[in-house]
Amino acid sequence: MLDVKNIYKTFNPGTVNEKTALRGVSLHLEDGDFVTVIGGNGAGKSTLLNAVAGTWLVDEGSISIGGVDVTHLPEHKRAKYIGRVFQDPMMGTAATMQIEENLALAARRGKGRTLRRGIAREERENYRELLKILDLGLEDRLTTKVGLLSGGQRQALTLLMATLQRPDLLLLDEHTAALDPKTAAKVLDATERIVNKDKLTTLMITHNMKDAIIHGNRLIMMYDGQIVLDISGEDKKKLTVEDLLAKFGQATGSDEADDKLLLG
Amino acid sequence: MGSFIGALPGAVSQGLIWGIMAIGVYITYKILDVADLTVDGSFCTGGAVFVMLFAAQVPVPVALLAAFGAGLLAGLATGLLHTFCGIPAILSGILTQLGLWSVNLAIMGMKANVSINVNDEANLNRLWVSLRFVSSVADGKMPFYRHPIVVVGVFTIAVIAVLYWFFGTELGSALRATGANGNMARAQGINTNVTKVLGLMISNGLVALSGALLSQYQSFADASMGRGAIVIGLAAVIIGEVVFSRLFRNFALNLLAVSFGAIIYYVVIQAVISLSDINTNYLKLISAAIVAIFLTVPYWKGRFFSKPVKRGGAANA
Ligand SMILES: Nc1ncnc2c1ncn2[C@@H]1O[C@H](COP(=O)(O)OP(=O)(O)OP(=O)(O)O)[C@@H](O)[C@H]1O
Ligand SMILES: [Mg+2]
């Protein structure tokens, strides 16, 4: 489903702020893979997701989604294939627009925008049903401005928007990091349900190693712009946090794992 | 006092005309979230195109449409400078505005102003709005519906109706999303460059239409007629918001509030002129001060007098 081949990305090349954030990352995801991504601050996790989503173009290497080469496509054209939830709860929704307007925008992801009605009447009922699944009481607040919602409600809404139209690839960038533990658990729970129901191919970044182990069928760890660990299948099921820390030490030849990886 | 009452219909008419420009400013400033300074140039472009076409015996509706079209082009220029050339929006607007100064003069045959001869009965009969009709209606020489307030009022309502429809469409929603959160818009597959250009075009189209109506009303176009237009537009947007935001929640009513804001602005200016013997040279200074005050009040209120409610909801985070 996703094929990332040997991508490189350097920010601010040729300046004192030069930073190579991705150095030769390759990653292949099968249809229906649910991959969790861990790694310390600045390891390049968000950069990898941004590269796939097309926030900017990569310096080298290629990216294809579902067999389509998207390496040179701008972000808005890749949106057809990708559902996204950002690290920052403010990023994924339009605060000054209503809940139903946000959903209607997402329902038309990757389609041409015409002069037809922005929201058809029959859509509303559908949205009400879908919002019920989130269990946050949003189903009765369709016309509330999103800016009035809490961070957790906004992340949950963004998740729903990202998956409203089945994406070929779902990208989740620490989408529960800014939430309190209870809300985070709720949103993560909704994530698990939606991903399972639609068998979505998913890349989920998390800082919480336990979450990374519990969720998904595969785990990768990044360090200094590279994938240093890739565990799947039975190995992943048996994995413990201690294993992970040990493996991290082996892979990077350091014992800074405790400092670099926040324990969950 | 009497002179003020007497000048009131004229002030309201002018306010309504500038209100259409202010609605254009609302689209960029409030919906797209960019301050577009093209306005000062495109307002005159509309007036110049109208007067020249009118003089060439082109029917009034066609001339108005052409003025609107010229405004679209001005917006397109700013939009391309901003998106295609990557120039910051403010600077793009300033560049277009500067360039339009020459373009406007060229449209007017390299003259700083051109007028419609309203002493010619044939010309007067062709006009849709004119300062003269204010007194003609008052004297009973013309039916009430020829009054500029009625005619421009109908224009305003038509503009609001079309915009209300447009911003409810998929494309219009995409434009709103672009202004509200560009990241989100792109993640939903919206080409935000296209929507920005479109918004700038529509905005300047309305600004030019307003300029065309004003030149018709005052029966001349002048190279500097648009100077300070952006300030008047912002004043109308902000006054409308401050005065009516508690009353009007619906989008169409917000646009109406902008138009009312422009009327209030002109009535206040008229009051200053009529009730004091101030030198009219100070009007621009007064305008700037009014806008500065109206922009300051919400800012200070937000900073010191209200609970810190964020736009988003970090409360639960
Ligand atoms: N747009 C950018 N411009 C310049 N540098 C950037 C940019 N985006 C990321 N970087 C740099 O690239 C490196 C990797 O950043 P990235 O955001 O991918 O880290 P991360 O693994 O997501 O970390 P975190 O866990 O803190 O979110 C960092 O050093 C960061 O400063
Ligand atoms: Mg990150």
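Let's start where chain A meets chain B: across their interface there are three salt bridges. Keep in mind as you look around that this is a predicted model. One salt bridge to pick out joins the side chains of R108(A) and E170(B), with 2.7 Å from N to O. There's also plenty of polar contact between the two chains, with 14 residue pairs linked that way across the interface.

Which parts of chain A supply the residues that touch chain B? Three elements of chain A each give two or more: α2 (75-78), α3 (99-107) and α5 (151-164). The largest share belongs to α3(A), which brings four residues. If you sort this side of chain A by residue type, you get 15 nonpolar, 13 polar and nine charged residues.

How many residues are involved on each side? Chain A puts 37 residues in contact with 27 residues of chain B. As for area, the size of an interface is often given as the accessible area lost when the parts come together. Here chain A and chain B bury about 2,800 Å² between them, and 55% of that is on carbon and sulfur atoms. On the chain A side, the residues that lose the most area to chain B are H76(A), R113(A) and L115(A), which together make up 22% of what that side buries.

Now let's turn to ligand 1. It has 15 residues around it, and the ones that come nearest are N41(A), G42(A), K45(A), S46(A) and T47(A). Start with N41(A): an N or O atom in its side chain is 2.7 Å from an oxygen atom of the ligand. With G44(A) the backbone does the work, as one of its polar backbone atoms is 2.9 Å from an oxygen atom of ligand 1. H207(A) joins in through its side chain, where a polar atom lies 3.3 Å from a ligand oxygen.

How much of ligand 1 does the protein bury? Taken alone, the ligand exposes 630 Å², and the protein buries 66% of that. Two elements of chain A give two or more residues to the shell around ligand 1, namely β2 (19-29) and α1 (45-53). Of the shell, the largest share comes from α1(A), with three residues. By type, the shell divides into nine polar residues, three nonpolar and three charged.

Strand β2 turns up again when we look at salt bridges more widely. A search of the whole structure finds 17 of them over all chains. In one, the side chains of R23(A) and D224(A) meet, at 3.6 Å from N to O. R23(A) lies in strand β2 of chain A, while D224(A) is in the loop between β9 (218-223) and β10 (226-232), so this pair ties together parts that are 201 residues apart in sequence.

Our last stop is D180(A). Where does D180(A) sit? You'll find it in the loop between β7 (169-173) and α6 (181-198) of chain A. The side chain of D180(A) has two partners worth pointing out. One of its polar atoms lies 3.0 Å from the backbone nitrogen of K182(A), and the D180(A) side chain also makes a polar contact with the side chain of T183(A), at 2.8 Å. For a sense of scale, try going from D180(A) to G253(A): the two are 73 residues apart along the chain, and their C-alpha atoms are separated by 34 Å.

Note on methods
Residues numbered from 1 in each chain as written. Chains lettered and ligands numbered in written order. Predicted model: local features only at pLDDT ≥ 70, side-chain atom pairs only at ≥ 80, totals over all residues. Heavy atoms only, no water. Contact = heavy atoms within 4.5 Å. Buried area = accessible area lost by both parts, 1.4 Å probe. Salt bridge = Lys/Arg side-chain N within 4 Å of Asp/Glu carboxyl O. Polar contact = N/O pair within 3.5 Å; in protein donor to acceptor, adjacent residues only side chain to side chain. Nonpolar A, V, L, I, M, F, W, Y, C, P; charged D, E, K, R; others polar. Near = heavy atom within 4 Å. Areas by Shrake-Rupley, 256 points an atom, 1.4 Å probe, with all protein chains shown as cover.
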